[in-house]
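Take a moment with the sequence and the model below. Then follow the text through the fold, one part at a time.

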Amino acid sequence: MLFLYQIQCKELDDLSMEIAQLLDPKLVRFEMESQEKWGAINELIDLLAAEKRVESRSKMLEAVRQREAEVSTGVGFGIAIPHGISDTVIQPSIAFGRSLKGIEYDSIDQKPVTLIFLLAIPKTKYDQDYLRTLAGLARMLVHKPVIEKLFTASTFEDVLEVFQSEKQR
């Protein structure tokens, strides 16, 4: 059992590092302007486009729309993890947005979203690592202390610290 626990801890360490590597201070918006789902997603795609993480903002939006058509990525607890897999993505990235007012998102719990993590993944990187990152991010974000720390973060370093401290758990 100890060996299995060590493997799981190692995987969490790797996952936390991977998430930290996908984040960038220029891909963070601490006060989202939009209070509705597609406006908020567009705000985050604009960050990706401005930083040249995607070649085409419209293709990235279409990739996210296709995914959202399957089922809402508003996972509950005030969290949304929209994601798009597209050949328009130049560099795998996570854009992070926070809304103190809340965003109407069509979440599974029908409550507004306050934290959004938009994953932009190139088609060439759509594999087990991507799925593990997405699943791991979702697992981290169901812990109330993580949500609270992200909601009160005021700097990019605060956001990174949340993931680094999760690595230590």
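Which residues form one aromatic cluster? They are Phe 30, Phe 96, Phe 117 and Phe 163. Keep these names in mind while we look at the whole chain. This is a predicted model, so every value below is computed from predicted atoms.

Start with the outline. The chain has 6 helices and 6 strands. Their order along the sequence is α-β-α-α-β-β-β-β-β-α-α-α. There are 169 residues, and 49% of them are buried. The accessible surface is about 8,800 Å². Carbon and sulfur atoms account for 54% of that surface. Now consider contacts between residues at least 6 apart in sequence. Of these, 71% join residues at least 24 apart.

Next, turn to helix H2. This helix covers residues 37–50, which makes 14 residues. How far apart should its ends be, at 1.5 Å a residue? The expected span is 20 Å, and the end C-alpha atoms are 20 Å apart, so the two agree. H2 is mostly covered, with 11 of its 14 residues buried. Among the buried residues are Trp 38, Ile 41, Leu 44, Ile 45, Leu 47 and Leu 48. Charged side chains belong to that buried set too, including Lys 37 and Glu 43. What do the buried residues of H2 pack against? Their partners are strand S1 (28–29), helix H3 (57–70), strand S5 (93–103) and strand S6 (113–122).

Look at the two ends of H2. At the N-terminal end, Glu 36 acts as a cap. One of its side-chain oxygens lies 3.0 Å from the backbone nitrogen of Trp 38. After the helix comes Lys 52, with a positive phi near 60°. Most residues other than glycine have a negative phi. Lys 52 sits in the loop between H2 and H3. Is this residue buried or exposed? Lys 52 counts as exposed because its relative accessibility is 60%, and the cut-off for exposed is over 50%.

Phe 77 also has a positive phi, near 60°. Its place is the loop between strand S2 (74–76) and strand S3 (79–80). Phe 77 is exposed, at 54% relative accessibility.

Now for the charged pairs. Side chains of opposite charge can pair when their charged atoms come close. The structure holds 4 salt bridges. One of them joins Arg 53 and Asp 24, with the closest N and O atoms 3.1 Å apart. Arg 53 is in the loop between H2 and H3, while Asp 24 is in the loop between helix H1 (2–22) and S1. The two residues are 29 apart in sequence. Both Arg 53 and Asp 24 are buried.

Helix H2 takes part in salt bridges as well. Glu 43 pairs with Arg 29, and here the closest N and O atoms are 2.9 Å apart. This pair links H2 to strand S1, across 14 residues of sequence. Glu 43 is buried, at 8% relative accessible area. Arg 29 is partly exposed, at 26%. Another bridge joins Glu 68 and Lys 37, at 2.7 Å from N to O. Glu 68 lies in helix H3 and Lys 37 in helix H2, so this pair ties together parts that are 31 residues apart in sequence. Glu 68 is buried, with a relative accessible area of 8%. Lys 37 is buried too, at 10%.

Finally, return to the rings. The structure holds 3 aromatic pairs. Phe 96 and Phe 117 form a tilted pair, 4.7 Å centre to centre, with 35° between the planes. Phe 96 lies in strand S5 and Phe 117 in strand S6, so the pair ties together parts that are 21 residues apart in sequence. Phe 96 is buried, at 0% relative accessible area. Phe 117 also counts as buried, at 0%.

Why is the pair of Phe 117 and Phe 163 edge-to-face? The ring centres are 6.1 Å apart and the planes meet at 85°, so the pair is edge-to-face. Phe 163 belongs to helix H6 (residues 156–168), and Phe 117 to strand S6. They are 46 residues apart. Phe 163 is buried, at 0% relative accessibility. With Phe 30, these three residues, Phe 96, Phe 117 and Phe 163, make up the one aromatic cluster we began with.

Notes
Residues are numbered from 1 along each chain as its sequence is written. This is a predicted model: local features need pLDDT of at least 70, side-chain atom pairs count only at pLDDT 80 or more; totals for chains, interfaces and linings use all residues. Side-chain values use heavy atoms; hydrogens and water are left out. Helices (H or I, at least four residues) and strands (E, at least two) are DSSP runs, numbered from the N terminus. Buried means under 20% relative accessible area, exposed over 50%, partly exposed in between (1.4 Å probe, protein chains only). Contact means heavy atoms within 4.5 Å. Accessible areas come from the Shrake-Rupley method with a 1.4 Å probe; for residues, only the protein chains shown count as cover. The expected span of a helix is 1.5 Å times one less than its number of residues. A polar contact is a pair of N or O atoms within 3.5 Å; within protein, one must be able to donate a hydrogen and the other to accept it, and residues adjacent in sequence count only if both atoms are side-chain atoms. A salt bridge is a side-chain nitrogen of Lys or Arg within 4 Å of a carboxyl oxygen of Asp or Glu. Rings of Phe, Tyr and Trp (its six-membered ring) pair if their centres lie within 6.5 Å; planes under 30 degrees apart count as stacked, over 60 as edge-to-face and the rest as tilted.
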